[in-house]
Structures are given as C-alpha cells and as structure tokens.
Amino acid sequence: MSRVMPDTARQYAPFLLLLTLIVALMLSATPVRAAVDAFEFDTQEQQERFRHLSNEFRCPMCQNTNLTGSSGGVAEDLRREIHMMIMEGQTDEQITRFMLDRYGDFILYRPRLTAETILLWFGPLLFLLAGGWVVMGIIRRARPVERVAAELDTTEQERLRKLLEKVDEPR
Amino acid sequence: MSRLKLFVPVGVFLVLALLLWRGLYLDPRTLPSVLIDKPLPEFELPTVEMADVTTSKDDLPDEPFLLNIWGSYCLPCLQENPIFMEAAEQDLVPIVGINYKDKPHLAQMWLEDNGSPFDYSIVDEDGRLGINLGVYGAPETFIVDGNGVIRYKHIGVIDYRIWENEIMPALAAVRAEMAPL
C-alpha cells in the first residue's frame with residue numbers, strides 16, 4: 001500500500017502543476033484590474049457606470065479587447081476621458097456619442113442596428129434558416145425510402161426466411 | 001431542373017471563395033475615419049519648437065497641408081521621415097506635425113537627430129487632441145484643406161509607393177477643388 005501513494009502523487013503531479021499555474025495567472029491578472037480602478041469616483045453608481053462603459057467600448061488600437069482589458073496608450077486615454085465625462089455629469093448616451101463621433105461604429109462592441117449592420121445582426125439567422133430548409137428537404141425525401149424498405153410483401157418475406165435458414169444450416 | 005440543383009454547392013463555393021479571397025487583402029487595422037469632411041477640432045497647445053507660446057486652429061496653413069501624427073518612440077515615423085524631408089525640401093506641401101503622447105524634450109532631440117520636415121509640431125502630450133482626431137496610434141497622416149476641413153486620412157507608415165499613389169493624388173484632388181474657378 002505504501003508504494004501506491006508516491007505513484008498516485010506522480011500521476012497527479014502534472015495536474016497540480018497546471019492548477020498552480022492557473023492560480024498564479026489569476027493572481028497576476030489582478031494588478032491590471034487595479035490599474036483600471038485607479039480612478040476615483042464620488043459614488044458607487046459612477047464607478048459602476050465607468051466599469052460598464054469601459055467594457056462596452058472596444059479598444060481602437062488592439063482590435064479585439066475592450067477598454068477595460070487594454071493597457072495600450074489610446075485605451076488608457078479613453079478610460080481617462082470616460083472618467084472625466086462621468087465626473088462632469090454627462091450621461092451614458094453623451095459619452096457614447098463622443099466615442100462614435102471620433103472612432104465610428106468600430107468602438108462599439110455591440111454594433112448599432114442600422115442599414116449597414118443589418119446583415120451583421122441577422123446574417124446568422126439567415127444562414128440558420130437556409131440550413132434548416134436544406135435539412136427539411138433531406139428529411140422529407142428520405143422518409144418514403146425508409147417506408148418502402150421496411151415493408152416487405154409476403155413473397156419477399158418468404159424469400160427472406162429461406163435465405164436466413166440457408167445461412168444457419170451449413171454450421 | 002434537378003440537374004441544375006447539382007451545381008448549387010459549386011455556386012456556394014465560388015461565392016465563399018470570392019469573399020474570402022477579397023478578405024485576404026483587407027487590412028482590419030485600417031479603420032475608416034468618421035472624421036473625413038469634418039472640421040478639425042479646436043485646440044490651444046504649445047509647439048515643440050516654442051514651449052511658451054500656444055498655437056490654435058487659426059495658425060494652421062490656409063492652403064491644403066499634411067497633418068502628421070508622430071512621436072520620438074515611433075519607429076515607423078522614423079521610416080517615413082525621409083519622404084517628408086524630401087517633400088519639405090522641394091516645397092511640395094506644408095507639413096504640420098502633432099507630437100502625440102511624447103515628451104517635448106525627446107521630440108526636440110528626435111528632430112535634431114533626424115531633421116524636421118514640419119513647419120512646426122503641436123505638442124499633444126496627454127493625447128487629447130489625438131482622441132478628438134480619432135487617432136489610435138502614430139503614425140497617421142491627414143490631408144486638411146485650406147478651410148481646416150479633414151479631407152483624407154492615411155493610417156500607418158507612408159512609403160514611396162503610398163506617397164506617389166495615394167497621398168499625392170488625394171492632395172491634388174483637394175487642391176483642384178480649392179482652386180478659384
């Protein structure tokens with residue numbers, strides 16, 4: 001029994017190592033969030049709005065990260081602007097307008113519903129419908145074949161019985 | 001009719017291939033500027049050359065000019081500098097710089113080391129003018145007409161090919177429009 005223990009330990013060592021790494025990564029990620037929260041606010045509500053807005057805007061420089069998760073130069077500046085505008089008492093709509101006027105729709109992670117973005121919004125639905133239509137067609141065509149194959153008339157059944165008997169006999 | 005249906009997958013393939021082929025040549029990093037045909041934002045900032053005097057929109061050239069976003073930390077800016085130097089020597093077009101998110105003394109050193117093609121460089125240390133211009137990193141180059149309206153934007157480094165094929169034609173178009181009839 002005593003030998004089993006070290007073996008098990010060795011078996012689990014890679015997992016332990018992985019777990020340690022994951023925990024280390026999670027811990028090392030904390031300072032980034034701390035940097036985001038370095039701004040001071042008067043109320044909890046202002047801070048919530050700041051966090052919400054920084055999550056909604058896309059960093060223009062780094063392609064696929066929001067402002068919260070980016071440490072790039074312009075992302076920092078934009079977070080500073082958001083903080084300033086919140087402290088000035090501007091509404092979320094005003095702040096969004098400010099960003100749109102300068103960086104266009106790209107800045108929004110959730111694109112607005114406009115004539116230009118309608119395909120972006122409903123394109124996947126269109127593909128789903130087209131796929132469903134194809135699948136329906138296949139199913140409809142497949143059904144009669146199944147039925148014909150399953151139903152044998154009496155002569156066919158007789159033949160099948162004989163064939164099965166032939167298979168069994170030689171052994 | 002059912003014969004024709006056999007070609008549907010080929011058709012789908014061709015359409016997809018065409019779209020993907022086109023996608024190969026799209027650069028996701030060049031975002032279309034929403035500021036084209038909009039006036040330059042207001043500003044009141046010192047220049048790299050003169051720290052104690054502020055300059056504003058009114059001091060900009062009253063003919064079409066280039067507005068170049070640069071910084072001493074920016075390697076592509078160093079790469080495109082000779083083109084601007086040549087243009088400045090030949091008096092092709094006035095070039096105004098915006099020293100974006102940089103330290104003025106580093107900017108001065110950079111200009112001494114590499115030469116300045118700029119009439120002057122506006123100091124945008126905190127990047128706020130940059131934000132108002134929709135800038136997301138140096139280098140970026142605007143063509144501004146004599147009325148202070150942005151007419152063209154190039155994102156990224158300018159090489160000779162881009163200079164000849166994009167910048168100069170765009171500048172000529174703006175000039176032609178500005179010329180008195």
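Okay, let's start in the middle: the largest nonpolar core has 49 residues, and A:Leu78, B:Leu67 and B:Ile143 touch the most other members. By nonpolar core I mean buried Ala, Val, Leu, Ile, Met, Phe, Trp, Tyr and Cys residues joined through C-beta atoms within 7 Å. Buried means 20 or more other C-beta atoms within 10 Å of a residue's own, exposed means 12 or fewer, partly exposed is in between, and the C-beta atoms are placed from the backbone.

Quick housekeeping. This is a predicted model, where local features need pLDDT of at least 70 and side-chain atom pairs count only at pLDDT 80 or more, while totals for chains, interfaces and linings use all residues. Residues are numbered from 1 along each chain as its sequence is written, with chains lettered from A and ligands numbered from 1 in the order in which they are written.

On confidence: pLDDT is the predictor's confidence in each residue, from 0 to 100. Chain A has a mean of 81, with 82% of its residues at 70 or more. Among chain A's elements, helix H1 (residues 4-36) has the lowest mean, 68, and helix H4 (residues 92-103) the highest, 93. Where pLDDT is low, the predicted coordinates should not be read in detail.

Now, what does A:Leu78 touch? Leaving out residues up to four places away in sequence, A:Leu78 touches A:Phe57, A:Leu67 and B:Ile131. Touching, or contact, means C-beta atoms, placed from the backbone, within 7 Å.

A:Leu78 is one of the buried residues of H3(A), along with A:Val74, A:Ala75, A:Arg79, A:Ile82 and A:Ile86. Down the helix axis these buried residues fall within an arc of 140°, so they line one face; the arc is that of the directions from the axis to the C-beta atoms. Helices here are DSSP runs (H or I, at least four residues), numbered from the N terminus. Right after H3(A), A:Gly89 has a positive phi of about 90°.

On to H4(A). Its buried residues are A:Ile95, A:Met99, A:Arg102 and A:Tyr103. They sit within an arc of 80°, so again they line one face of the helix. They pack against H2 (44-56) and H3 of chain A, together with H5 (128-132) of chain B. On the face turned away from that buried side, you'll find the exposed A:Glu93, A:Gln94 and A:Arg97. Just after H4(A), A:Gly104 takes a positive phi of about 75°.

Last, the interface: 11 residues of chain B contact 13 of chain A. Thanks, that's me done.

Note on methods: Contact = placed C-beta atoms within 7 Å. Helix = DSSP H or I, 4+ residues; strand = E, 2+ residues; numbered from the N terminus.
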